[in-house]
Amino acid sequence: MSDTLPPPMTPPNCDCSRLPYMPLLIDQLFKSDLWLETNGEEFKVALKLWGESWRQIPAASLPADDKKLAGLAGVSPAKWKRVRARALHKWVECSDGRLYHAVIAELALTPWIERLENQLKGAKGNATQGKKTAVPPALLQREIDFATECLWRVRNPLQFNAERDALRDAERALGDTQAEAEGELEEEVEEEKEHAMPATASASARAPVAVADADADADARLERLKWNRRLLSIHVEFADVLAPQQSQLNDPIELQVLEAKGYDWDRHIWPGLKRYLEAHRRRMANRTVQPLQSFSHPGIAEQVEECRTNEERLLALRTKGPAHAN
C-alpha cells in the first residue's frame, strides 16, 4: 500500500469481539456531524457499521470493499450506493488497506490495553513461580507499548502527522545525501583501481595488492556511510531523548560491537534500541532521568538480547509448538 496513507489505528491482533458491549459516547454523538447531517436511513447504516467494526479484527476497522461493506450493513448494493458517503463519515483508509474510525479506535484500545496488562500481570506471576506461559512477558510488554503508541496517535493526530512529515523529509534528505555520497565513492574507487592497474609488465606483480587495497578502502568507506545513516536515523527519531552535542552519541562503536557479536541490525539492534529509547523518553516525561549521553548503557544490550531471545521463541513456537518454546 502507499506510504502516504496513515498507519492502522489499532494493532493487527486487537480483538474486542468478546466484550459484551461497545461504549457509546452520547454527548459526543449528539453533537457530531453524523447525527446532525444524516437522515434516518443513513444513520441506521452508519451505526450498524460501527457495531460491526467492533467485532472485526483489528477492532475499529472495516474492509475497504463496497460489496463486503454492503453485506456488513445489511443493505442491497443499490441502497449502499445511496447511503455510502454519509455512512462512512470520518472513516479513513490506512496503510493496511482497511478503513478505520478514530473514535471507535480509541474506545477499542482502552479495554485492549487493559486486557494485555492483565495478561502481563498473570504471565509475570507464573514466571516467578517457575510456571510456563503461553506468551512471554516481554512479548506482552511489546504489545502493550505498541497499543499505547496507537492510542497516542489516535488522540494526537495533528502532532503525529507533523512528526511523521518531519521524519519523511529527513529521510528523503538522508536518501539524497547517501545517493550523492555513494556516487562520489564509486567514482573514487574506480579512479583508485585505475591507478592500481599495471602500466608495464614489471608492475603486474604489485597490481593485485594495490587493487585489493582500493577495495578495502571502498569497503571501509561504505561501512562508515552505513553507520552514519543509522546514526542519523536514530537522531532524527529520538532527538528529544538524546543529549545535544554529545560526541559519544556520534560514535557507533557500542552498536558496532553488538553487530560483531552476531546481532542483526534490523531484527535485534534497532528494535532493541528503539524500545530502550522509548522507555527513556517515558522516564524523561516523568522527570526521573536526564537525556541519554551515550549508547554504552547496559540496558540497550539487554533489550537487544531480549529481541533475539523473543525471535528464537517465536521461531520455536512456529516450528515445534508451545511445548518447545522454553
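Helix 6 gives the most to the lining of the second largest pocket, with 3 residues. The structure described here is a predicted model, and this report considers that pocket, then helix 7, and then several salt bridges.

## The second largest pocket

The second largest pocket has a volume of about 280 Å³. Its lining consists of 17 residues, and those closest to the centre of the pocket are Gln28, Ser32, Lys90, His101 and Val103. Three helices each supply at least two residues of this lining: helix 1 (26-30), helix 2 (33-37) and helix 6 (102-128). Sorted by class, the lining of the second largest pocket holds 11 nonpolar, 4 polar and 2 charged residues. As general background, rolling a probe the size of a water molecule over the atoms shows where empty space is left.

## Helix 7 and Asp145

What span should the 19 residues of helix 7 have at 1.5 Å a residue? The expected value for helix 7 (residues 137-155) is 27 Å, and the C-alpha atoms at its two ends are 27 Å apart, which agrees.

Helix 7 has a number of buried residues, including Ala138, Leu139, Leu140, Ile144 and Ala147. Cys150, Leu151, Arg153 and Val154 are also among the buried residues of this helix.

Asp145 is another residue of helix 7. Is Asp145 buried or exposed? Its relative accessibility is 17%, and buried means under 20%, so Asp145 counts as buried. When neighbours within four places in sequence are left aside, Asp145 is in contact with Arg275 and Arg282.

## Salt bridges

The count of salt bridges in the model comes to 17. One of them joins the side chains of Arg282 and Asp145. Arg282 lies in helix 11 (residues 265-285) and Asp145 in helix 7, so this pair ties together parts that are 137 residues apart in sequence. Arg282, at 43% relative accessibility, counts as partly exposed, whereas Asp145 counts as buried.

A further salt bridge is formed by the side chains of Arg281 and Asp240. Arg281 lies in helix 11, while Asp240 lies in the loop between helix 9 (207-237) and helix 10 (253-260); the pair therefore ties together parts that are 41 residues apart in sequence. Arg281 counts as partly exposed at 30% relative accessibility, and Asp240 counts as partly exposed at 44%.

Arg308 forms a salt bridge with Glu305. Both residues lie in helix 12 (residues 298-320), 3 residues apart, which is about one turn of the helix. An α-helix has 3.6 residues a turn, so residues three or four places apart point the same way. Arg308 is partly exposed, with a relative accessible area of 21%, and Glu305 is partly exposed as well, with 31%.

The N to O distances of these three pairs are set out below.

| Salt bridge | N to O distance |
|---|---|
| Arg282 and Asp145 | 3.9 Å |
| Arg281 and Asp240 | 2.9 Å |
| Arg308 and Glu305 | 3.5 Å |

Salt bridges also occur in a linked group. Which residues are linked in a network of salt bridges? The members of this network are Glu223, Lys226, Arg230 and Glu259.

Methods
Residues numbered from 1 in each chain as written. Predicted model: local features only at pLDDT ≥ 70, side-chain atom pairs only at ≥ 80, totals over all residues. Heavy atoms only, no water. Helix = DSSP H or I, 4+ residues; strand = E, 2+ residues; numbered from the N terminus. Expected span 1.5 Å × (residues − 1). Buried < 20%, exposed > 50% of the residue type's maximum accessible area, 1.4 Å probe, protein only. 1 Å grid on protein atoms, 1.4 Å probe; cavity = no way out; pocket = protein on both sides within 12 Å on 5 of 7 lines; lining within 4 Å. Points joined across faces, edges and corners; volume = space filled by probe spheres on them. Nonpolar A, V, L, I, M, F, W, Y, C, P; charged D, E, K, R; others polar. Contact = heavy atoms within 4.5 Å. Salt bridge = Lys/Arg side-chain N within 4 Å of Asp/Glu carboxyl O.
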